[in-house]
2 protein chains.
Amino acid sequence: MPTLTPKQVTDVCAAIFEAAGAPEDRAQIVAEHLTRANLCGHDSHGIQNVPALISLIKEGMIKPQGEWNVVRETPSTALIDGGLGLGQVVCQGAIKVAMNKARTVGSGSVGVYNCTHIGRLGDYTTTIAEGGMIGVIYANSMPGVAPYGGRTRVLGTNPLSYAFPTGDGDPILVDFATSVVAAGKVRAAQHRGEKIPEGWVLDKDGKPTTDPSDLFLRASEPNSAGVLLPAAGHKGYSLAVVVDLLGGALTGSGSSKKVAKARNGVFVQAFNIESFVPMEVYLQNLKGLVAEVKNASVADGFDEILVPGEPELRSKQKRLADGIPIPDFAWQEVIKTAKDFGLDLDTILSLPK
Amino acid sequence: MPTLTPKQVTDVCAAIFEAAGAPEDRAQIVAEHLTRANLCGHDSHGIQNVPALISLIKEGMIKPQGEWNVVRETPSTALIDGGLGLGQVVCQGAIKVAMNKARTVGSGSVGVYNCTHIGRLGDYTTTIAEGGMIGVIYANSMPGVAPYGGRTRVLGTNPLSYAFPTGDGDPILVDFATSVVAAGKVRAAQHRGEKIPEGWVLDKDGKPTTDPSDLFLRASEPNSAGVLLPAAGHKGYSLAVVVDLLGGALTGSGSSKKVAKARNGVFVQAFNIESFVPMEVYLQNLKGLVAEVKNASVADGFDEILVPGEPELRSKQKRLADGIPIPDFAWQEVIKTAKDFGLDLDTILSLPK
């Protein structure tokens, strides 16, 4: 399993996206997004996703030179047509619009349609928090999750993320799918040959299953795909509906069922903290909560209590020091994708010949 | 068990709050809020809560004549000092401010501190949705829930609610506690002499328990109270932190641990739909999602799939037709509270002498 430095990951990704037709600056934005996803341990949104994204470019589903535009606007809101451009580039644009509005009138809320895959949601809210504001994002996605009480794929994993600046350290970061798990965790269990807990997946007949392969379509068997269940029953389901209505209905992107492969309906917000309270009041309360969490007694079976965002932060610290490990099968796919464009990975990686 | 008409519930509540010092119009606002909670089946926020609220007024924790004021403001945001007035009155004021801002600049976001118990969150978002806008509310509350991995009461049940107008019917309403259940459900199991499922509560020693009485302080035994667990582990916990930071830190109300008995730190938002997309685009997408949910295949063990808010709506339809049942012990408490003010409930209820 190769281990790359963050710069190597960025350089490989940027070279591939540039070769696929993205302008240099946009290729760099996407590459840095993917690298940060790897650093945070969200590998399904990292370099591992490059082959799939490049396929989508080749299919015309993502237009690497597509332009985004604000098509409707009020002092605190905007609607953006993403132009099917690179999702990470479009969404970075959307958060800038939201932050500018928050700077001017206290808060900014921006919807995006014609938006291709935006990747890791926590990246955008973190950027907003690093700008000193509170960030919120909701994104619906293609269907894979049953409504509570159902067994049909209606909702996406419909994730949401919040980030809060902490003044002197990394933001408090909340970033989760409203399904009981993301599909990637089921795929990972399948790759490891492990069972999954009951309550994650129903098979094609709507029966509870612990076999991860029951979630996925078998090439030999039409209608063999199962369905993910919502987190916490009606609560995760309700939240998935919220994400679908904010990301899909309020932006005109359409519901999860109508969101095309590798698209997201996106709704993002930025809040200017000092429009509400002086920064020191906010920070004092935030730090108070963090201390209360950290001082709580630990439950049986746990070593410590983490603040939301700490798992990602620890991964980042470890991978900044040790490098980013990439599973062999994923790395072979990246190499193949690069070779298809005639790229010489050894040169890009600055490896000795 | 007496069964009252909605008007009787409102009249009894209004008379008691007026007797406790609330101006007539405010007593009416609170009484109607409580009645709607009963209609929706959220009885813990209905007339059953009157004795506790009146005790808080007598203790000086709620000031029935307290005034709320906007103390900080931008075009799209406001901070309100609730003045420890009646929470329902203050929060109705807050949503009006948010809706006015949304009408003017597309969205309105309002924080409230010095805010006493606001009751049922879904009531406020429903009001916003009935005004044709999307409503969102977060409220932190006194601690009773462990952080994920912990066994100490750090977070409140920290609920949140969203409501979406549907054009021609009741709103889609999401309203839930970020704990696995609200404390009221554990209390109800205790009253019925039933066990609770594992995963709801840890006892005073941090051990999983199925005995609902393990959640509550035994009068004879200091430190005997247990703790509720967050919904879906780290997801409900993360969301509880979000509610705490938006409701507590961004408003200056303080974290759950610092929120006094029967107070809420409140953050509310209204979005003007047509600032984003034409109403018909929004409604078409929303109705599409509802149809997709309703057309999904039903899972084993379920009769049908409900849209968020349907359980409340069905309760309302039933109770509008059949009246609001009030358990005897709760009704006796209400009678006692009324008698303490020298009120004649028979006259208020217009019962034959």
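**Figure 1. The meeting of domain 1 and domain 2 within chain A.** In this predicted model, domain 1 of chain A uses 16 residues to contact 15 residues of domain 2 of chain A. On the domain 1 side, the elements giving two or more residues are helix H2 (24-39) and helix H3 (50-58) of chain A. H2(A) supplies the largest share of that side, with six residues. Sorted by character, the domain 1 side holds 10 nonpolar, three polar and three charged residues. To place this view in the chain, note that domain 1 of chain A covers 1-65 + 323-353, while domain 2 covers 68-180 + 229-307. The centres of the two domains, taken over C-alpha atoms, are separated by 25 Å.

**Figure 2. Chain A as a whole.** Stepping back for a moment, we find 11 helices and 12 strands in chain A. Its radius of gyration is 20 Å, close to the 20 Å from the globule rule for 353 residues, so chain A is as compact as a globular protein of that length. The C-alpha trace of chain A spans about 60 × 50 × 45 Å along its principal axes. How many of the residues of chain A count as buried? The share is 59% of the 353 residues. Among contacts in chain A with a separation of 6 or more, 64% join residues 24 or more positions apart.

**Figure 3. The contact between chain A and chain B.** Here 68 residues from chain A meet 67 residues from chain B. On the chain A side, two or more residues come from each of strand S3 (77-81), strand S4 (107-113), strand S6 (160-164), strand S7 (172-176), helix H7 (234-249) and helix H8 (279-295). Which of these elements gives the most to the side of chain A that touches chain B? That is H7(A), with 10 residues. The side of chain A that touches chain B is made up of 37 nonpolar, 22 polar and nine charged residues.

**Figure 4. The axis that relates the two chains.** A turn of 180 degrees with a shift of 0.0 Å along the axis lays chain A on chain B, with an RMSD of 0.0 Å. This is the relation of a two-fold axis. Both copies use the same surface, as 99% of the contact residues of chain A recur in chain B. If you follow chain A towards the rotation axis, Ala232(A) is the residue that comes closest, with its C-alpha at 2.6 Å.

**Figure 5. Strand S7 of chain B and its partner S6.** Five of the five residues of strand S7 (residues 172-176) of chain B are buried, so this strand is largely enclosed by the rest of the structure. Ile172(B), Val174(B) and Phe176(B) point one way from S7(B), whereas Leu173(B) and Asp175(B) point the other way, and all are buried. Strand S6 (residues 160-164) of chain B pairs with S7(B) in the antiparallel sense, over five bridges. Look for Leu160(B), which stands opposite Phe176(B) in S7(B).

**Figure 6. A three-stranded open sheet in chain B.** The strands of this open sheet run in the order S9-S8-S10 (chain B), with antiparallel pairing. Strand S9 (208-209) and strand S10 (227-228) of chain B are the edge strands, each pairing on one side only. Strand S8 (residues 201-202) of chain B joins S9(B) through two bridges in the antiparallel sense. Within this pair, Leu202(B) has Pro208(B) in S9(B) as its bridge partner.

Terms used: Residues numbered from 1 in each chain as written. Chains lettered and ligands numbered in written order. Predicted model: local features only at pLDDT ≥ 70, side-chain atom pairs only at ≥ 80, totals over all residues. Contact = placed C-beta atoms within 7 Å. Helix = DSSP H or I, 4+ residues; strand = E, 2+ residues; numbered from the N terminus. Nonpolar A, V, L, I, M, F, W, Y, C, P; charged D, E, K, R; others polar. Least-squares fit on C-alpha atoms with pLDDT ≥ 70 in both. Domains from an automatic or database assignment. Buried ≥ 20, exposed ≤ 12 C-beta atoms within 10 Å, placed from the backbone. Pairing = 2+ DSSP bridges. Rg over C-alpha atoms; globule rule 2.2 N^0.38 Å.
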